[in-house]
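User: Could you take a close look at one spot where two helices pack together, and walk me through it slowly? I'm new to this, so plain words please.

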Amino acid sequence: MSSTLPPPPPPNRPPSGPPSGPPSGPPEYLESGRGGPIGPEPRRSGSPVKRGLFVGGGVVGLVAVGVGAWAAYSFFSTGPQPAEALPAKTLGYASIDLDPSGGQKIEALKTLDKFPAFKDYVGINADDDLRKEIFERINDDAGCDNLDWSDDVEPWLGDRAAVAAVDVGGDDPDAVVVLQVKDADRADAGLEKIKDCGSGDDVGWKISGDWAVIAESDQLADKVADAAAESSLADDEDFKKWTDEAGDSGVATFYAGPAAGDYLADHADSMFGFPLGLGAVDGLCGFTATDLAPGGDGECEVQEQPSSSISGDFKTQLRDFKGLAITIRFSGGAIEIEAAGDSSMGGKSFLSGGATADVVKSLPSDTGAVLGLGFKQGWFGDVVDYIAPYTGEDADQLMGDLSDLSGLDLPADAETLTGDSAALAVGSGFDPDSFFSSEDGTDVPVALKVKGDPDKIEKVLEKLRAAAGPEADVLESDADGDVIVIGPNAGYRADVLEDGGLGDTDVFKDVVPEADKAQTVLFVNVDEFEAAIEKSAGDNDQELIDNLEVVSGIGATAWVDGDVSHAVLRVATN
């Protein structure tokens, strides 16, 4: 996982979930009274003793609060999850909840119903049974005419399911499916009928409690169920840590455990063994990075080369992998994807949290898109140190090649040029046709805003202008205080140099809620690009336009907090 991933909202679900239904037993009734102390009620002639009655406004109020708290708990909780039926050493896990907490269900339908494509191709309403919809669509493709939803599936199938890769002692991880069941006997009969409709002997299952584990054989399903009974994924500390870090529960959860890192390390050469970086250029094209520098021959003849092996450092990182979780949820009219994982997987963090916010939030309020980064001191040298093992060169060699290629004094010039933070901004008047047809770019609203030392940055720009020659117009700049803006359009540079208040706009705050701590910010105001989208769209793109009109903005933030990398992607609707 990247070392600069995004904060989760505080988790609020218990590991094993809430009660799946209301308390059992006969209903109790409340009677009003005068609010005085309540003593034992004597028997009265001709009248049965009423037990369980609470008298008095104070007690009634207390009971009302308790009932309300239970209702809210049931509404916002998710219930038991498929992780209960999987072993603690599960490598990877993906679950879906077709009947999530009441809040999630309402948010999902409210959000998705805004998209014409959802109505046209999915067409699910609040009262529809998602399980039935999915079954019928799968069965239409499978052609199992003897299967009936009402008789063979609905009586036993629950609302939650998962697929997972598990390690139960085989040479490789085994794939299994977990289904929630409501009636074990009917589930067994229903699965038998489904099996008869399919390939026959290459599937087995084990039903235990609320779950059916489906695998390639009964023996494997038994092994998985037995291992889960001994130590389940739901009770595993790594699983609980990372799913909690990924925030509130939603409609889908993805998890990769430490065992996944061990497996990838063991198979790294076969899975990832290909040349990378400038070392790959040497191998594939028969020239070095020096040949690309001014005065080099620049010839390239692609030659077939054997795959290189993965470095020991990378394999060590994989073996030290601690976990990753991703949650998909609906929140405030937005689709939200939140990830949390082991920050060490990206190596040393090169970016600085918090520094990004100032330069991004001060852009013009009508900014169409921006990518902002905050930089740690010495970041470029750290990057080169990190990637050098994958290129076949040591760090000093690679730094020299990059200096020759760019004409800059590296790493100092690169770190000067980016300052403490930088944001590449695109204005709302951006026109793709003008961008690609413009000779000098002077009419294109694109600019780089840097918070740093403008005088030193200008000296680096002079080197780049000398190397760029006729294309140097794109490197024109204006400065004010500790901010410099670089770009081809003088008018847009002036707008970007001012404090434009992007951070105060509703759409920015909606899709970039964690800007103040982020190391990386990506923001797109879709509404600002509406005219450009319609202009560039073809005659057959009306469906795309209709669905984009629903979207107000897209935002992504990433940051590292201690040993945890966080990332949040939000797609907000109008």
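Analyst: Sure, let's go to helix 15, residues 379-387, and helix 16, residues 395-406, keeping in mind that this is a predicted model. Their axes sit 9 Å apart, and the angle between them is about 120°. That angle makes helix 15 oblique to helix 16. Why quote those two values? Because two packed helices are described by the angle between their axes and the distance between the axes. There's a handedness to it as well: helix 15 passes helix 16 in a right-handed crossing.

Now for who touches whom. From helix 15 come Phe380, Gly381, Val384, Asp385 and Ile387, and they meet Ala395, Leu398, Met399 and Leu402 of helix 16. Sort the residues of this contact by class and you get 7 nonpolar, 1 polar and 1 charged. The polar one is Gly381, since glycine counts as polar here, and the charged one is Asp385.

Follow the chain past helix 16 and you come to a loop that leads to helix 17 (412-418), and Pro411 is in that loop. The peptide bond joining Leu410 and Pro411 is cis, with omega at about 10°. That's worth a second glance, because most peptide bonds are trans.

For contrast, try another helix pair. Helix 9 (residues 258-266) and helix 13 (residues 312-319) have axes that come within 7 Å and cross at roughly 155°. This makes helix 9 roughly antiparallel to helix 13. On the helix 9 side you'll find Gly261, Asp262, Leu264, Ala265 and Asp266, which meet Lys315, Leu318 and Arg319 in helix 13. By class, that contact has 3 nonpolar, 1 polar and 4 charged residues.

One last stop is the largest pocket, with a volume of about 740 Å³. It is lined by 30 residues, and Phe135, Ile138, Leu157, Leu179 and Ile194 lie nearest its centre. Helix 4 (130-142) gives the most to the lining, with 6 residues. Strand 2, strand 3 and helix 6 also supply at least two residues each. Overall, the lining has 20 nonpolar, 5 polar and 5 charged residues.

How values were computed:
Residues numbered from 1 in each chain as written. Predicted model: local features only at pLDDT ≥ 70, side-chain atom pairs only at ≥ 80, totals over all residues. Heavy atoms only, no water. 1 Å grid on protein atoms, 1.4 Å probe; cavity = no way out; pocket = protein on both sides within 12 Å on 5 of 7 lines; lining within 4 Å. Points joined across faces, edges and corners; volume = space filled by probe spheres on them. Helix = DSSP H or I, 4+ residues; strand = E, 2+ residues; numbered from the N terminus. Axes fitted to C-alpha atoms, helices over the stretch in contact; angles between N-to-C directions. Parallel < 35°, antiparallel > 145°, perpendicular 65-115°, else oblique. Left-handed = near helix turned anticlockwise from the far one by under 90°. Contact = heavy atoms within 4.5 Å.
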